[in-house]
Structures are given as C-alpha cells and as structure tokens.
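Q: Please take a close look at one part of this model, the packing of its interior, and tell me which elements and residues are involved.

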Amino acid sequence: MSSNRAPKHQKRVSTAPFAAVASANAAVVAAPTGGGPQLVRGMRDVLPSEQAFWRRLYDASVQEFDVREFDRIETPILEEVSLFQRSIGKVTDVIEKEMYAFEDPGGARVALRPEATASVARAYIRHGMISLPQPVRVWYWGPMFRHDRPQAGRYRQFFQIGGEALGDQHPVIDAQLAGAAVAILRRVGLIPTMNINSTGCPVCRPKYIEQLVAYYRGRRSRLCEDCKRRLVRNPLRLLDCKEEQCTPLKEEAPQIVDSLCPECKEHFVRVLEYCDELEISYELTPSLVRGLDYYTKTVFELYLPNQEGRQDALGGGGRYDGLVELLGGRPTPAVGFSLGVDRIVNALKEKSAGEQSANGKGVKIFFAQLGEQARRQGLGIVERLRNDGIAVAEQFSKDGLKGQLERANRLGVLYTVILGQKEVLDGTLLIRDMEGGVQEIIDRKKVVEVLRKKLEGQQSVP
RNA sequence: GCGGCCAUAGCUCAAUGGUUAGAGCGCCGGUCUGUGGCACCGGAUAUACGGGUUCAAUUCCCGUUGGCCGCCCCA
C-alpha cells in the first residue's frame, strides 16, 4: 500500500528520533474527510444504506436452506494453495492469474479462497462425513477473493451463497440443487433463466475434446488469436468465444451432447425431466462449459432475462463427481451451486429504484427528553422499554425538543414519548401521536403497557 | 492481464489559464431555551495524488492511483 496521498511536508519540524513517526501521524490526521485513505482496488464497503438488501437476501437464503434440509457450514477463508490447484485445475484463469496466494509468516503456501466448493469437499473428507446419511447437504455464505479486473458487479472480494450436496449421484439431486438456487432468487423477487448443459465425464469428455480439436484444427486460420491459444490450452472454451469471426465456426462445431456416453446422456435427460417437474425454465446451451476443471456432467448458469448489457451470471453450478476423490477421499459424487451476492443485490437495487424506499429501521417509538432531570430519568425508562423488547430511538445528547422531534419525524416513528420538567414532577409521560399531533398524558408506570397496546393496534391495521 | 472513457463538497452536478471555485440535496446551528413535517437565515465540507509547461494551473501536458465500459474470465 502506498502512502502517496500524504501531503508533502515542507518543514522539518523536529530532529527528534520520532520525527518520522510524528509526521506520518500528522499526515493521517491531515487527510481530508472526503478523501482519506483509499480502498484497496476491487474492495468495497457495504454501507448501512445497502444493508436492507443484503439482509433480505440473507434471510431468504436461510429460509430456503432451512426448508430444504441444508445445514450451514463455515470453512476458513485461508486454505492451502494446493487445495485449489488440485481442485479447480492448474490451467484455469482462477488459479493462474487470479488467486491471492502468498506465503504466511510460517512459510506455508496459502491462498484466500477463490471459491468454497473445494473447501467443502475438504471438510467432507476431513470430518468423515461419508459416514453420515447421504447426501450431505450444506450451505454457506461468505467472502471469496479473485484478483480480477474490477468492473460493475465484479469485485476482488465478493460474497457467495452456496449449496452443496455430496454423496449422491442421482440426477434428481442435480435438478433439486438448481431448484434451490432458483428458489432463493425467486424468494427475493427475481425470476432467473437457466442455461444448462452437460460436460460429460472422464469417459466421454476426452473423446469429445479430441473431436472438437480435430474440427477446429482444420479451420485454425479462421480463428481469433485468443481461440488459437484456447485450442492448445483449453479447447472447451472455444465454444464460449464471442468474437464475430469465430461465431460461424461454433455453429458447425460438434456438440458435446452428441458425444455423451450412454450413462451421461441418460443422466442429462433425467435431470431435464426433473427440472420440468420442478417447473424450472431452462434453455439448452451447448456452448456452456464452466471454467473450473472439476465439473462433470451437469453444468448450469443463472441469468436475469432482458438484461442487454449484463452478461454476468447471477450464479451457477454443476456436478463434480470427481472432486472428492481427487482430493484424496473415497469416490463421492456431488453437485453444488453458488450465487453472487453482490450481483443479486445490484439487481435488487435496480429493481427497487422506482419503488418508494421505506424507512428501513422499523422503529416505531421515539423518546424525547427536556431538561437534565428528564434526561437522567429518561435513560432508565428507555432502558426498561428496550429490555421489554420495544425498539426505541432517542437522541439524549440533544437539548431542544424541536431537534428531537425533527429526528423522530425523519425516522418515521408512530409515537414520541416526551418527558419534560413537568412530567418529571408529576410522574407522568406524554405520548404524542406523530401523525395527527394528538398528545395524551399517561402514568409513567404504565408506559410499557400503553405502548405495547398501541403498537399491537397498529400492526393489525395493515 | 489488454484496450477505451473518466476523476470538482457526503451525494448529484456547475464554472474558470488570473481576487474569496458555485448550486441543489444532505449535515450542523438559528428564527423557536415545551413541540416535527413548511418556511426563512447562518455555518462546515471539494478541484484524487505526484511532476511538468506558465508570471499564474482546478483548467493544458505526463505519470500514479482509483472508478466505469469492452475483452479475458467468472459470482
């Protein structure tokens, strides 16, 4: 991190040994509020104003996974580099260029996780989950890290929601996992479309790749530069190219669905049938091949329809039957998916842009005080209300009643409880109805009871 | 990692090679030391950073950093 924003010091203030430290501190203090230290590239703050969206998505996830019998799992953000190299594949971009890998102070080669599936598989092996009833269904929510070029909806630290089912090869699980991903999105009001394909297995995929390479090799001169590279390094990605010159070649190219072995073909057909039963609308996408090596058979991606410029997937997933064995466990079929929290939240924001933004906090009561006596006694009263589960806003640092009512108004509370000099002497409180401005005097001892009654009355109205 | 566009207040945006860089919203305070929504008045806060050209740079040039868009890839 550079400190190039620090103002240059014109004068040597002191020759004392701590001068350097002192001036460095001065630079920090002198930083303007609007500027100040910059974010590390690709990082972002999720501000209070966005939390309502995050929370909506988080709650939807919790509810959806609960009703589907997924258990929460939390894996470390830091893992051995080799875990990802073995699982994701060494020639993928994620591993080659995008991983935050470094040596820890003890000399271990570690990395900030670029995704969590490998960690889940590691945990499955490590903790002997093979002896649990299969499939083992787990879900997670947490930050992932990829050192990619930042763009809208693409950050170097981003959050994923994920669900995995390990230990069951049945095609119905594939459909159910895709269904869970779709259901979470639906729960927050987004209707995604699903692109789906099969990438075969270790039996049929190599044969297909051979075919594909043979096809393209004969037409090599017509390919774009990137694709010439792909031809050698990662032929499956040839199908993904969006260059105009490559498009006609793609249409003629052999499709993997035609090369699937009987087992994979049967599996794929049944996945699609189950998706129909679950009323998941999908589009067969022969060009869909995911970037990570461990996928076998089913792969899918979720998009928001009619988003012209937005190519970014909200999420995706697929089957990874070889992964657990690859990491040293017993052969264990598995399926999973992940959703991009940041992108989903962006979509929610865009969607709600036209709608009126409600006051998110939902606090219904404001407590206003006037005079030092009232402030002191008010502290105790508010504490009691809160202990009784009544959310109360206040601004005890303010003296004037006007300022406090302004704040109450901005918060959109229904009632303001007022304690002034007079009420202190009387042992009473004022309750002001913020809508009409009507006030009533109540006995201070009955405040909890009265407020609770008023709030209940409110709730039954809408 | 490659290419293009951009950077003025907390936010949205003005302006200018030459006194104190403006507005709206927001924030703080006042009119109004016991009453909010309205109004009026006042206040704080900005030219991302570094260098160059110039008598003079926020303005022109270069670099850095960051943002956006496209590619790559993917969440």
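A: What follows goes from the chain as a whole to its nonpolar cores and then to one covered strand with its partners.

The model is predicted, and its chain A holds 16 helices and 16 strands. Of the 462 residues in chain A, 32% are buried, and among the contacts in this chain with a separation of 6 or more, 69% join residues 24 or more positions apart.

The largest nonpolar core has 74 residues, and within it Leu177, Ala178, Ala181, Leu339 and Ile344 touch the most other members. Helix α6, which spans residues 171-187, gives the most to this core, contributing nine residues. If residues up to four places away in sequence are left aside, Leu177 touches Gly163, Ala165, Gly317, Val335, Gly336 and Phe337. Apart from this core lies another one, made of 19 residues that include Ile365, Val382, Leu419 and Leu429.

Turning to the strands, β9 covers residues 296-303 and is mostly covered, with seven of its eight residues buried. Strand β9 pairs with β7, residues 193-198, in the antiparallel sense, and six bridges link the two; here Tyr303 of β9 stands opposite Thr193. Strand β9 is also joined by five bridges to β10, residues 315-319, and these two strands likewise run antiparallel, with Glu301 having Gly316 in β10 as its bridge partner. When reading such a strand residue by residue, it helps to recall that in a regular strand the side chains alternate between the two faces of the sheet.

Terms used. Residues are numbered from 1 along each chain as its sequence is written. Chains are lettered from A and ligands numbered from 1 in the order in which they are written. This is a predicted model: local features need pLDDT of at least 70, side-chain atom pairs count only at pLDDT 80 or more; totals for chains, interfaces and linings use all residues. A nonpolar core is a set of buried Ala, Val, Leu, Ile, Met, Phe, Trp, Tyr and Cys residues joined through C-beta atoms within 7 Å. A residue is buried if 20 or more other C-beta atoms lie within 10 Å of its own, exposed if 12 or fewer, and partly exposed in between; C-beta atoms are placed from the backbone. Helices (H or I, at least four residues) and strands (E, at least two) are DSSP runs, numbered from the N terminus. Two residues are in contact if their C-beta atoms, placed from the backbone, lie within 7 Å. Two strands pair if DSSP finds at least two bridges between them.
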